[in-house]
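Colleague: I am new to this structure and would like a close look at a single part of it. Could you take me through that part slowly, and show how it sits among its surroundings?

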Amino acid sequence: MGIRLPGIIPAKQILRRSLAKGMNDNLSKGHFTVYVGESQFKKRFVVPITYLNHPSFQHLLSQAEDEFGFDHPMGGLTIPCNEDTFDDLTSRLST
């Protein structure tokens with residue numbers, strides 16, 4: 001019997017899709033690519049899969065699901081937030 005975290009299930013589906021498309025070919029094991037930004041031009045970030053366990057990151061994934069569903073325009077996981085906000089969040093998760 002396992003514990004299900006609702007915010008992680010959609011992220012796993014998105015990650016499988018981007019891996020299948022070859023979007024993460026040059027990444028270290030245990031990392032994935034996200035595209036962040038509120039404008040047409042988004043910045044690419046490589047983040048550790050462990051971020052999927054953090055409630056703050058799950059909240060961002062929830063926002064991405066609300067805005068994009070599973071149709072991400074960049075082909076990988078797209079997170080609709082300001083780059084500075086994302087940098088701030090990930091710097092806190094890294095410690």
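Modeller: What follows is a walk through the sheet, with most of the attention on its strand β1. Please keep in mind that this is a predicted model, and that the description below is read from that model.

To set the scene, the protein chain holds three helices and three strands, and along the sequence these come in the pattern α-β-β-α-β-α. The chain has 95 residues, of which 38% are buried, and its exposed surface comes to about 6100 Å², with carbon and sulfur atoms supplying 51% of that area. Among the contacts with a separation of 6 or more, 53% are between residues 24 or more positions apart.

The three strands form an open sheet with mixed pairing, in the order β2-β1-β3. Its edge strands are β2, residues 43–48, and β3, residues 77–79, each of which pairs on one side only. From one strand to the next, the twist averages 40°. As background, strands of a sheet pair through backbone hydrogen bonds, and they may do so in a parallel or an antiparallel sense.

Both senses can be followed from β1. With β2, the pairing is antiparallel and extends over six bridges; within it, Thr33 has Val46 of β2 as its bridge partner. The hairpin made by β1 and β2 has six residues between the strands, and in this hairpin Gly37 takes a positive phi near 150°. With β3, by contrast, β1 (residues 31–36) runs parallel, and three bridges join the two. Here Val34 stands opposite Leu77 of β3, while Tyr35 stands opposite Thr78 of that strand.

Is β1 enclosed or open to its surroundings? Five of its six residues are buried, so β1 is largely enclosed by the rest of the structure. Part of the setting comes from the helices: α2, residues 55–68, lies across β1, β2 and β3, and runs at about 100° to β3. Helix α3, residues 83–93, also packs on the sheet and touches β1, β2 and β3, its direction making about 15° with that of β2.

Within β1, Val34 deserves a closer look. When residues up to four places away in sequence are not counted, Val34 touches Lys43, Arg44, Phe45, Val47, Leu77, Ile79 and Phe86. Val34 is also one of the residues that touch the most other members of the largest nonpolar core, a set of 16 residues in which Val47, Phe57, Ile79 and Phe86 share that description. The elements giving two or more residues to this core are β1, β2, α2, β3 and α3. In soluble globular proteins, nonpolar side chains tend to be buried together.

Two residues of β3 show what lies beside β1 at that edge of the sheet. Ile79 lies in strand β3 and has a relative accessible area of 0%, so it counts as buried, the limit being under 20%. Leaving aside neighbours within four places in sequence, Ile79 is in contact with Val34, Tyr35, Val36, Gly37, Phe57, Leu60, Ala64 and Phe86. The C-alpha atom of Ile79 is 9.3 Å from that of Ser62, although 17 residues separate them along the chain. Thr78, which also lies in β3, is buried too, at 0% relative accessibility. The C-alpha atoms of Thr78 and Gln63 are 9.9 Å apart, with a distance of 15 residues along the chain.

Finally, the aromatic rings offer another view of these surroundings. The chain has four aromatic pairs, and ring pairs link Phe32, Phe45, Tyr51, Phe57 and Phe86 into a cluster. Two of these names have already come up in the nonpolar core, where Phe57 and Phe86 are among the residues touching the most other members. Phe86 returns once more in the contacts of Val34 and in those of Ile79, and following that residue on the model is a good way to retrace the picture given here.

How values were computed. Residues are numbered from 1 along each chain as its sequence is written. This is a predicted model: local features need pLDDT of at least 70, side-chain atom pairs count only at pLDDT 80 or more; totals for chains, interfaces and linings use all residues. Side-chain values use heavy atoms; hydrogens and water are left out. Helices (H or I, at least four residues) and strands (E, at least two) are DSSP runs, numbered from the N terminus. Buried means under 20% relative accessible area, exposed over 50%, partly exposed in between (1.4 Å probe, protein chains only). Contact means heavy atoms within 4.5 Å. Accessible areas come from the Shrake-Rupley method with a 1.4 Å probe; for residues, only the protein chains shown count as cover. Two strands pair if DSSP finds at least two bridges between them. Axes are lines fitted to C-alpha atoms, for helices over the stretch in contact, and angles run from 0 to 180 degrees between N-to-C directions. Rings of Phe, Tyr and Trp (its six-membered ring) pair if their centres lie within 6.5 Å; planes under 30 degrees apart count as stacked, over 60 as edge-to-face and the rest as tilted. A nonpolar core is a set of buried Ala, Val, Leu, Ile, Met, Phe, Trp, Tyr and Cys residues joined through side-chain atoms within 4.5 Å.
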